[in-house]
Amino acid sequence: MDAQWKPPGRLERRWLEWRAARIRDPLARLRYLRRTTSAGDVRRRGRRVPQGLLAVFLWAFLFAPGYTVSDPGLWRERRLRLPFAAGIAVPAPDRISNIWLVESRKDSETYSNGLRVETQFGTANEQRAYMIFDQTRPGISEWRSQPAGIVYHTTESHLAPFEEGQNMRLQRLGQWLLEYLRRNQSYHFLIDRFGRVHRVVRETDAANHTGKSVWAEGRWVYVNLNHSFFGVAFESQTRPGQPGDVANQAQIHAARILTDMLRSKYGIAAANCVTHAQVSVSPATMRIANHTDWAEGFPFQELGLPENYAQPLPSMFVFGFGYDSVFLELTPNSIRKSLTLAEDRMRLEATAQGISVADYRAMLRKRYRETVAALPRTDNDKENRDE
Amino acid sequence: MSKNQSHPQQAIGLDVGTSRVVMARRSGEQYAFSSQLNAFVSVPFTRMTENALKRENIPYTAHGTELIVLGNESTRFADLLSVETRRPMTAGTLNPGEKESLSVIRSLIETLNPNAAQEKPQVCFSVPSAPLGADENLTYHEATLRQVLGEMGYQPRSINEGLAVIYSELEDTNYTGIGISCGGGLCNVSLAYLSMPVLSFSIPKAGDFIDTSAAAVTGELATRIRLYKEESFHFNGHFSDKLQQVLAVYYDDMIQALAAAMKEAIGSSRRLPKIGRPVPVVLSGGTTLPQGFRERFEKTLSETEMPLTISEIRIAADPLHTTAKGALVAALTEM
């Protein structure tokens with residue numbers, strides 16, 4: 001093997017996989033992959049950035065705010081008004097009807113809405129306890145122990161074709177996956193290919209599902225959601241360009257009754273039922289969507305939830321995170337709306353403060369660093385690296 | 001392709017294994033395979049024997065005072081004559097102690113495709129990886145096969161055996177995962193990422209190791225052990241006879257060596273890309289055929305702390321033909 005070969009980076013890998021997934025003929029797909037990943041083509045690969053990406057990059061370069069302004073005294077000297085001190089939309093209470101535990105057995109629980117939770121693979125983790133931060137008053141935080149929301153994931157695990165002839169393999173893969181998730185305390189619930197709901201980490205504990213992440217509801221901001229939000233994973237893979245195939249009807253039905261049960265039991269707001277791609281961030285690059293599972297095509301409506309993709313991303317308008325052109329290219333529809341809304345909101349705030357968007361973004365980023373510094377040392381920001 | 005050529009160019013996949021030579025071709029949308037045992041026996045030349053071989057359509061060549069019976073039928077002759085079959089290859093490469101090795105391999109390939117000189121097909125042939133930790137040079141083996149195939153009219157290219165397994169079986173993961181071919185001389189392992197081989201190695205414990213070790217313990221001929229192993233051995237249930245027990249012991253030894261080598265090779269690789277998700281393992285080759293092999297391997301691997309998370313372990317759809325099919329897939333992508 002050529003020692004010059006360098007594996008593609010994360011974004012390039014996503015791009016290659018995305019392109020490859022669109023080539024139906026296996027020979028043509030292999031030909032494409034061999035050509036684009038071969039040792040001799042490393043430099044050529046670098047040049048093969050699609051025209052669309054170049055255009056997006058150019059757009060971002062010309063019009064997006066620069067990220068270099070960072071005056072440490074900015075916050076105090078200008079006596080800036082804090083963002084969102086007014087006009088914060090507090091979601092209307094949206095509790096759903098009471099759903100109760102009907103029966104609890106050794107290996108399962110049954111709920112009044114028909115939900116059955118398999119509990120054989122249940123495990124414990126550290127107990128839930130987390131800080132939330134007041135957007136309107138920096139430095140003000142509260143401790144909570146009740147779950148505040150749900151983050152939906154895909155396991156991105158290996159999948160067998162969903163066919164009767166593959167039954168044994170489907171079951172074996174599910175079993176392996178559950179053992180793996182249990183070992184890593186990855187999620188609170190897994191919905192397998194047959195629509196069965198399995199408990200992984202118990203509801204009173206945190207799970208290592210989201211890692212570095214941000215969400216906000218009303219005046220409160222949640223940072224690193226492993227403790228504050230439930231992690232519900234679909235045994236599935238994100239397939240760019242084929243959003244309809246990510247979950248089957250059995251899984252969607254299971255997700256709905258599980259969501260209803262959790263919302264009923266813990267009073268979770270519908271606006272706090274979101275996808276991993278919506279909350280994931282990378283502090284190293286200050287970009288959103290470090291994980292891209294359910295970046296598009298999540299069936300909010302079928303789960304009885306509002307179209308939460310339409311919410312502006314709090315990571316952007318609260319903490320100034322940005323995004324890269326490859327992400328934009330890979331998520332053609334769903335999240336784009338929320339990016340635009342978040343950017344509009346940020347622009348409005350900057351205008352209201354009388355400063356440039358770049359300065360405003362620098363201020364928000366400083367705020368993120370201060371918030372993270374205020375997190376307890378025990379903050380759990382482990383994440384699933386497989387997604 | 002030149003317009004003057006009388007035959008459309010064909011692609012062929014060729015698995016030149018220690019135990020078998022398997023040829024794969026495309027037949028419409030399907031793959032077609034033909035194979036010969038990579039073995040021979042020599043019997044004294046008599047007119048009667050030669051006529052019998054001709055009548056039965058058994059491949060052979062006459063060498064002075066000897067008749068060399070090639071391929072699949074050699075085992076039956078060896079059993080009748082109570083002799084061991086002779087092997088053109090050992091431990092995955094040409095057998096340096098067998099002077100007939102090249103001519104036998106050439107004859108075997110000719111029996112599989114007599115028209116190479118006219119068709120001039122593209123062929124992708126399998127080559128093993130160097131054994132883990134050994135500084136073995138496989139250039140001679142590869143270059144010699146390339147030369148033989150070129151002389152026969154083929155346009156040869158080579159492919160690593162483990163990678164061929166990946167090309168054959170891991171289309172659904174964009175050719176990312178681990179392919180293992182447990183053959184006669186070697187277990188070849190390859191880890192590929194988006195079709196690119198990241199890591200390849202072999203271990204010298206495979207089917208022949210099991211046969212010869214069991215033969216040494218039981219006093220049987222290795223050829224007979226192999227026949228018994230292929231027809232009757234399984235991992236499931238209780239082992240009633242001694243030979244079953246002996247075979248199980250050496251199978252376990254091989255599986256443990258394989259799992260340990262995977263752990264060592266993957267753990268010590270500095271060039272492992274961040275794959276970011278569990279990867280599948282596909283097992284192929286004649287040594288994986290006994291019932292219960294997959295489960296035994298899975299159990300051993302789960303007890304080994306692998307530096308990589310495995311999503312599943314499965315046996316290839318057609319374990320005896322997997323490498324040849326993967327080689328054919330590689331040849332087709334070159335056309």
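Where is the place of Leu80(B)? The legends below start there and then visit other spots in this predicted model.

**Figure 1. A nonpolar surface patch on chain B includes Leu80(B).** To settle the opening question, Leu80(B) has its place in helix α2 of chain B, which covers residues 74–81. Leu80(B) is exposed, because its relative accessible area of 66% is over the 50% cut-off. Together with Leu81(B) and Val83(B), Leu80(B) forms a nonpolar patch on the surface, and the three have about 280 Å² of accessible area together.

**Figure 2. Strands β2 and β3 of chain B form a hairpin.** Here β2(B), residues 20–27, runs antiparallel to β3(B), residues 30–37, and eight bridges join the two. Look for Ser27(B), which stands opposite Gln30(B). Two residues lie between the strands, and Gly28(B) takes a positive phi near 65 degrees. In this view you can also find a salt bridge between the side chains of Glu29(B) and Arg26(B), at 3.8 Å from N to O. Glu29(B) counts as exposed at 66% relative accessibility, while Arg26(B), at 32%, counts as partly exposed.

**Figure 3. Three strands of chain B make an open sheet.** The strand order is β4-β6-β5, with antiparallel pairing. At the edges are β4 (40–44) and β5 (60–63), each of which pairs on one side only. Neighbouring strands are turned by 25 degrees against each other on average, direction ignored. Between β5(B) and β6(B), residues 66–70, there are four bridges, and Ala62(B) has Leu67(B) as its bridge partner.

**Figure 4. Two salt bridges within helices of chain B.** Side chains of opposite charge can pair when their charged atoms come close. In helix α1 of chain B (residues 47–55), Glu50(B) and Arg47(B) are three residues apart, so about one helical turn separates them. Their side chains meet in a salt bridge of 3.3 Å, N to O. Glu50(B) is buried, with a relative accessible area of 9%, whereas Arg47(B) is exposed at 56%. In helix α5 of chain B (residues 139–152), Glu142(B) and Arg146(B) lie four residues apart, about one turn of the helix. The closest N and O atoms of this salt bridge are 2.9 Å apart. Glu142(B) is partly exposed, with a relative accessible area of 23%, and Arg146(B) counts as partly exposed at 33%.

**Figure 5. An open sheet of eight strands in chain A has mixed pairing.** Following the sheet across, you will meet the order β1-β2-β3-β8-β7-β11-β6-β12. The edge strands β1 (101–104) and β12 (273–275) each have a single partner strand, so one side of each is left without a neighbour in the sheet. From one strand to the next, the twist averages 25 degrees. At the β12(A) edge, β6(A), residues 149–154, pairs with β12(A) in the parallel sense over three bridges. One pair to find is Val151(A) with its bridge partner Val274(A).

**Figure 6. Val246(A) is a buried loop residue.** Val246(A) lies in the loop between β11 (229–234) and α7 (249–266) of chain A. Its relative accessibility is 5%, which is why Val246(A) counts as buried. Val246(A) and Ser236(A) are 10 residues apart in sequence, and their C-alpha atoms are 6.1 Å apart in space.

**Figure 7. Helix α2 of chain A spans residues 26–37.** This helix has 12 residues and reaches 16 Å from its first C-alpha to its last, close to the 16 Å expected. Its buried residues include Leu27(A), Leu30(A), Tyr32(A) and Leu33(A).

Technical notes. Residues are numbered from 1 along each chain as its sequence is written. Chains are lettered from A and ligands numbered from 1 in the order in which they are written. This is a predicted model: local features need pLDDT of at least 70, side-chain atom pairs count only at pLDDT 80 or more; totals for chains, interfaces and linings use all residues. Side-chain values use heavy atoms; hydrogens and water are left out. Two strands pair if DSSP finds at least two bridges between them. Patches are made of residues with over 30% relative accessible area and no salt bridge: like charges are joined within 9 Å, nonpolar side chains (Val, Leu, Ile, Met, Phe, Trp, Tyr) within 5 Å. Accessible areas come from the Shrake-Rupley method with a 1.4 Å probe; for residues, only the protein chains shown count as cover. A salt bridge is a side-chain nitrogen of Lys or Arg within 4 Å of a carboxyl oxygen of Asp or Glu. Buried means under 20% relative accessible area, exposed over 50%, partly exposed in between (1.4 Å probe, protein chains only). The expected span of a helix is 1.5 Å times one less than its number of residues. Axes are lines fitted to C-alpha atoms, for helices over the stretch in contact, and angles run from 0 to 180 degrees between N-to-C directions.
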